[in-house]
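Please look through the structure shown here with an eye to how its charged side chains pair and how two of its helices pack.

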Amino acid sequence: MAPEDHEGATSLLQSFERRFLAARALPSFPWQSLEEKLREPSGSELLLAILQKTVKHPVCVQHLPSVKYARCFLSKLIKKHEAMPTEPLDALYEALAEVLMAKESTQCHRSYLLPSGDSVTLSESTAIVSHGTTGLVTWDAALYLAEWAIENPAAFTDRTVLELGSGAGLTGLAICKACYPRAFIFSDCHGQVLEQLRRNVLLNGFPLEPQTPIDPSSPKVTVAELDWDEVTASQLSAFQADVVIAADVLYCGEVTLSLVRVLKMLSDCQRKNAPDVYVAYTIRSQDTGKLFITELDRAGIYWEEVPPHASKLFPYEEYSAIVILKLVLNGCHSV
């Protein structure tokens with residue numbers, strides 16, 4: 001195999017691996033590139049390699065995604081294989097038979113590979129919006145902020161981090177595993193989300209306070225109920241956060257106003273040691289960030305856009321327009 005062909009096959013394998021483990025939409029997979037590779041003599045070997053990097057991946061074997069998802073993926077993979085003039089691959093049909101015998105659950109797993117070789121695995125609802133909240137799934141800005149954090153670990157190392165609206169917990173768990181914070185406080189206000197958050201923290205090997213981590217380099221992890229409309233200044237001050245983060249929480253005007261209220265309260269109650277704040281959001285319309293920025297200006301909170309980062313570790317959609325703002329709560333304009 002020529003070096004460029006080997007590089008192309010490796011890239012294709014990585015794309016299938018990352019997308020499958022994260023249970024991304026099947027149309028987003030590079031099927032056309034696969035078809036081109038299957039015409040080559042090594043096509044069958046590539047399919048077997050894809051099988052090992054997806055359904056047979058050690059992470060997947062331990063934490064299966066949705067059974068329906070795995071079935072649809074294998075059916076499509078078999079269809080691509082059958083379209084080629086080549087011998088059937090028993091391994092593909094055996095894998096499909098195993099999946100067909102598995103029972104479906106209301107929960108599925110999504111896993112995200114980290115540069116260290118470790119991974120973050122989340123138990124998520126199989127429905128996109130479930131129990132009246134959007135917090136039970138991982139949204140693209142959470143992946144984008146996690147990537148930025150992994151590329152900039154010094155912003156979190158040996159610091160206490162408070163996450164507002166943690167959702168399924170991807171960003172925080174990635175920071176806990178890759179950036180070595182001193183302590184991490186996940187927070188949300190919806191009961192179902194908090195239950196899922198606790199499960200995901202434990203699933204990834206972090207004991208919840210008051211239990212002490214076995215590994216002394218692991219952060220102290222807390223899951224806190226935090227309603228932005230009811231939280232008090234003393235409650236926020238008690239966290240003693242050095243860094244505050246939030247991802248994809250600007251999904252309606254009412255929530256945006258509540259977030260700015262919390263940020264203003266943090267600014268007032270931690271004047272001497274105001275935390276660094278990073279807010280990531282997907283620009284779904286022209287109005288998404290406008291209200292947030294307008295309200296930040298009105299509250300006297302200085303902001304600037306963080307430059308895009310180079311690495312793309314996670315499989316969110318390429319066309320997503322995602323922004324990270326760094327906020328300064330004490331009114332000082334030097335960032």
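**Salt bridges and a helix pair**

In this predicted model, Asp268 forms a salt bridge with Lys264, and the closest N and O atoms of the two are 3.2 Å apart. Both belong to helix H11 (residues 253–269), where a spacing of four residues separates them by about one helical turn. Asp268 is partly exposed, at a relative accessible area of 37%, and Lys264 also counts as partly exposed, at 30%. Elsewhere, Asp158, Arg182 and Asp242 are joined into one network by salt bridges that share partners.

The structure holds eleven salt bridges, and among them are pairs that reach across the sequence. Glu35 and Lys80 meet through their side chains at 2.4 Å, N to O; because Glu35 lies in helix H2 and Lys80 in helix H5, this pair ties together parts that are 45 residues apart in sequence. Lys80 counts as buried at 17% relative accessibility, which is under the 20% limit, whereas Glu35, at 24%, is partly exposed.

The two helices that this pair links also pack against each other: H2 (residues 31–38) and H5 (residues 67–82) lie at an angle of about 40°, with their axes 10 Å apart, and their crossing is right-handed. On the H2 side the contact involves Trp31, Leu34, Glu35 and Leu38, which meet Phe73, Lys76, Leu77, Lys80 and His81 of H5. By character, these contact residues divide into five nonpolar, one polar and three charged.

A further salt bridge joins the side chains of Arg159 and Asp276 at 3.1 Å, N to O. Arg159 sits in the loop between helix H7 (140–151) and strand E3 (160–164), and Asp276 in strand E7 (residues 276–282), so the pair ties together parts that are 117 residues apart in sequence.

Technical notes: Residues are numbered from 1 along each chain as its sequence is written. This is a predicted model: local features need pLDDT of at least 70, side-chain atom pairs count only at pLDDT 80 or more; totals for chains, interfaces and linings use all residues. Side-chain values use heavy atoms; hydrogens and water are left out. Axes are lines fitted to C-alpha atoms, for helices over the stretch in contact, and angles run from 0 to 180 degrees between N-to-C directions. A crossing is left-handed if the near helix is turned anticlockwise from the far one by less than a right angle, and right-handed if clockwise. Contact means heavy atoms within 4.5 Å. Ala, Val, Leu, Ile, Met, Phe, Trp, Tyr, Cys and Pro count as nonpolar, Asp, Glu, Lys and Arg as charged, and the others, Gly among them, as polar. A salt bridge is a side-chain nitrogen of Lys or Arg within 4 Å of a carboxyl oxygen of Asp or Glu. Buried means under 20% relative accessible area, exposed over 50%, partly exposed in between (1.4 Å probe, protein chains only).
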